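Grab a pencil and work through these exercises with the structure open beside you. Try each task before you read its solution.

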Amino acid sequence: MSGEQPIRDNLLTLDHHLASVREVPDGLAGVISAIALAAKAIAMKVRRARIEDVLGEVGKTNLHGESQQKLDLLADSILRHCLERVPSVGVLASEEADEATLVRSPADGGRFAVCFDPLDGSSNIDVAVSVGTIFGVSPVGDGADVDEQLLQPGSRQVAAGYVLYGSSVLLVFTTGAGVDMFVLDPVVGDFVQVGMGLSIPKKKKIYSLNEGYFNDFPAAYRRYLERAHGDGYSGRYIGSMVADVHRTLLKGGVFLYPPTAGNPRGKLRLLYEANPMAAVVEQAGGAAAAGLERILDIQPEAIHQRVPVILGSPVEVDRVTQELQRG
Ligand code: AFP
């Protein structure tokens, strides 16, 4: 019949999945549902950005000195709106806000700290390139101060993942027992499961980084790249971390954002970019390092701290770290 779309009979929605996952901490399913709801609203805004005239810069910069896009702020407020209503959410930290927000204290039931980059890669939106939302959820740490409750190693995350607003809208996340993938089905209006227990290829001759900074990279990264050139590697770089990491997760290879002369600690942020992506990649059998340290072991010192990032197939990450060990 014209106009009717087939609906799969084995449909498993995100809510079905969350109800069936065992051993997730109490109140965590509500946090993930809230992120999924926000993602649906953000996806709509991204799709209609040109129509609703929300493309382009606000005319302000965030504390990282990067210009804020109208959609960055819109996505930030959608996520806050959805998360603040979840009774277990205690603290929020976003790329778009200088300080973390206390939503409710532990005494009032605030059990989780949620760190997020509402719209990563947003400078790509004007040219309709894929963008994403990245999130990590941890139990709030001890301490009266919001920063103390938030600043914990990524290994404490109880959920982490991303939403990719691409040719389809994907939600990929882990609650510590493998990585699952959902796609937003526009017919059903919900995220439906399309992949369980994702596994990253052990090796693949692909590197993904901004090679334009070659002369600014430390010598070890330049040596790695020279070797990769000689070994017949392919380069793939979108410039949107979610899209680049997602491709790396499915196809293999290594994604890198090394230190540069301009950004001696790299560009990417530990709490809401590196940690969630490291958790996903490790749960899929990959590796994630900040130079010679495991990303998930780093004790953060500041909300917007930056780290170098090397993540992907274990063999490929190892090839980079071997060069770093040589100095
Ligand atoms: P924007 O959000 O400003 O577009 O930055 C995107 C990003 O944080 C991350 O998604 C990319 O991996 C990285 O920056 C790209 O940075 P370069 O443009 O320096 O390669």
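**Exercise 1. Work out how helix 6 and helix 9 are oriented relative to each other.**

Step 1: helix 6 and helix 9 are oblique to each other, because angles under 35 degrees count as roughly parallel, over 145 as roughly antiparallel, 65 to 115 as roughly perpendicular and the rest as oblique. Helices (H or I, at least four residues) and strands (E, at least two) are DSSP runs, numbered from the N terminus.

Step 2: look at the geometry. The axes of helix 6 (residues 219–230) and helix 9 cross at roughly 135° and come within 8 Å. Axes here are lines fitted to C-alpha atoms, for helices over the stretch in contact, and angles run from 0 to 180 degrees between N-to-C directions.

Step 3: get the handedness. Helix 6 passes helix 9 in a right-handed crossing; a crossing is left-handed if the near helix is turned anticlockwise from the far one by less than a right angle, and right-handed if clockwise.

Step 4: find who touches whom. Ala-220, Tyr-221, Arg-223, Tyr-224 and Arg-227 of helix 6 meet Arg-319, Val-320, Glu-323, Leu-324 and Arg-326 of helix 9, where contact means heavy atoms within 4.5 Å. These residues split into 5 nonpolar, no polar and 5 charged (Ala, Val, Leu, Ile, Met, Phe, Trp, Tyr, Cys and Pro count as nonpolar, Asp, Glu, Lys and Arg as charged, and the others, Gly among them, as polar).

A quick word on where this comes from: it's a predicted model, so local features need pLDDT of at least 70 and side-chain atom pairs count only at pLDDT 80 or more, while totals for chains, interfaces and linings use all residues. Residues are numbered from 1 along each chain as its sequence is written, and side-chain values use heavy atoms, with hydrogens and water left out.

**Exercise 2. Now do the same for helix 2 and helix 4.**

Step 1: helix 2 (residues 28–47) and helix 4 (residues 70–84) have axes 9 Å apart and pack at an angle of about 150°. That makes the two helices roughly antiparallel.

Step 2: their crossing is right-handed.

Step 3: on the helix 2 side, the contact includes Val-31, Ala-34 and Ile-35, and on the helix 4 side it includes Leu-71, Leu-74 and Ala-75. Sorted by type, the contact residues of this pair come to 15 nonpolar, no polar and 1 charged.

**Exercise 3. Trace the sheet that has the strand order 12-11-13-16-14-15.**

Step 1: this is an open sheet of 6 strands with mixed pairing. Two strands pair if DSSP finds at least two bridges between them.

Step 2: spot the edges, strand 12 (234–235) and strand 15 (293–294), each pairing on one side only.

Step 3: zoom in on strand 13 (residues 254–257) and strand 16 (residues 309–312), which pair in the antiparallel sense over 4 bridges. Phe-255 stands opposite Leu-311 in strand 16.

Step 4: add the helix. Helix 9 (residues 314–326) packs on the sheet and touches strand 13, strand 14 and strand 16.

**Exercise 4. Decide whether Ala-113 is buried or exposed.**

Step 1: Ala-113 sits in strand 5 (residues 112–120).

Step 2: Ala-113 counts as buried, because its relative accessibility is 2% (buried means under 20% relative accessible area, exposed over 50%, partly exposed in between, with a 1.4 Å probe and protein chains only).

Step 3: leaving aside neighbours within four places in sequence, Ala-113 has contacts that include Val-91, Gly-136 and Leu-150.
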